[in-house]
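The following exercises concern side-chain packing and helix faces. Please work through each task with the coordinates open before reading its solution.

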Amino acid sequence: MNRRNFLKNTTVAGAALALSNKSLALEAAKADDTCLVRMDQVTAEATYFARYEHFHILAIPVSVLIAPPENGYTTRTSVLDQASLDEKAFNEFIKETGLDGASLRVHSHAVIFTKDELERIASGEKEVKITVMTPKGNIAHYFYFTASRSAQVKIQRGRAGK
C-alpha cells in the first residue's frame with residue numbers, strides 16, 4: 001500500500017470511529033440517567049423501615065460541608081422511590097392507620113443536620129448516623145453518611161480557599 005492510500009484509509013477509519021463514538025455518547029446521554037451521581041453532593045440511602053419497606057435518598061451539598069452553618073442545615077429527603085415500595089405491607093399499613101395512601105406514596109421527610117453532624121461527615125468520619133423522625137416523633141429512617149474521597153478533596157480544598 002502506498003503512503004497516500006494509507007493516509008486516506010487511516011483518515012476515513014479515524015473519522016468513522018470518531019462518529020461512532022459520538023453516536024454512542026449521544027445514545028448514552030439519552031438513556032435513563034437516574035443512576036448518575038451528582039459530584040457536588042454527599043448522598044445516602046435510607047435504612048430502617050418500621051412498617052413497610054421503601055427508600056429515599058438524602059443529599060448534602062458539598063458547599064454546606066465546606067462551611068457548615070452554625071444553626072445546622074435543613075433539607076428534605078427525596079420522594080419515596082416507587083419501585084422500592086413493598087406494596088403488600090404498604091396497603092396493610094394504610095388499612096390499619098386510615099392514612100391517605102395517595103399522599104403517602106409521594107411523601108418525603110424533613111431533615112435537620114446539626115453543625116456537629118456536618119463537621120463529622122466533612123472530616124471523613126465513616127457511617128455518620130442521621131435519624132429521621134416522623135411528624136409524630138417516631139423513627140422513620142436512618143441514613144449513614146460517608147463522604148467519598150472526591151467529596152473530601154473538595155471539602156479540604158474549599159476550606160483552604162483553593
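**Exercise 1. Determine which residue follows helix 3 and the sign of its phi; then assign the buried and exposed sides of this helix.**

Solution. Step 1: Gly 98 comes after helix 3 and has a positive phi, near 75°. The model is predicted, so local features need pLDDT of at least 70 and side-chain atom pairs count only at pLDDT 80 or more, whereas totals for chains, interfaces and linings use all residues. Residues are numbered from 1 along each chain as its sequence is written, and side-chain values use heavy atoms, with hydrogens and water left out. Helices (H or I, at least four residues) and strands (E, at least two) are DSSP runs, numbered from the N terminus.

Step 2: Helix 3 spans residues 87–97, and its residues Ala 89, Phe 90, Phe 93 and Ile 94 are buried (buried means under 20% relative accessible area, exposed over 50% and partly exposed in between, with a 1.4 Å probe and protein chains only). They lie on the same side of helix 3 because they cover an arc of only 140° around the axis, the arc being that of the directions from the helix axis to the C-beta atoms.

Step 3: Lys 88, Lys 95 and Glu 96 are exposed on the other side of helix 3. The buried residues of helix 3 pack against helix 4 (101–104), where contact means heavy atoms within 4.5 Å.

**Exercise 2. Repeat the analysis for helix 6: which residues are buried, and against which elements do they pack?**

Solution. Step 1: Ala 151, Gln 152 and Ile 155 are buried in helix 6. These buried residues fall within an arc of 100° when seen down the axis, so they line one face of the helix.

Step 2: Arg 149 and Arg 157 are exposed on the other side of helix 6. Strand 1, helix 2 and helix 5 are the elements against which the buried residues of helix 6 pack.

Step 3: Gln 152 has a relative accessible area of 13%. Leaving aside neighbours within four places in sequence, Gln 152 is in contact with Gly 124 and Ala 147. Helix 6 is followed by Gly 161, with a positive phi near 80°.

**Exercise 3. Count the aromatic pairs and characterise the one formed by Phe 113 and Phe 145.**

Solution. Step 1: Rings of Phe, Tyr and Trp (its six-membered ring) pair if their centres lie within 6.5 Å; planes under 30 degrees apart count as stacked, over 60 as edge-to-face and the rest as tilted. By this rule there are four aromatic pairs.

Step 2: Phe 113 and Phe 145 pair edge-to-face, at 5.6 Å centre to centre and 75° between the planes. Phe 113 belongs to strand 4 (residues 110–113) and Phe 145 to strand 6 (residues 139–145), so this pair ties together parts that are 32 residues apart in sequence.

Step 3: Phe 113 is buried, at a relative accessible area of 0%, and Phe 145 is buried, also with a value of 0%. Ring pairs also link Tyr 52, Phe 90 and Phe 93 into a cluster.

**Exercise 4. Identify the residues that touch the most other members of the largest nonpolar core.**

Solution. Step 1: A nonpolar core is a set of buried Ala, Val, Leu, Ile, Met, Phe, Trp, Tyr and Cys residues joined through side-chain atoms within 4.5 Å.

Step 2: The largest such core has 23 residues, of which Val 42, Ile 60, Leu 65, Phe 113, Ile 121, Phe 143 and Phe 145 touch the most other members.

Step 3: A second, separate core of eight residues includes Leu 80, Leu 85, Phe 93 and Leu 104.
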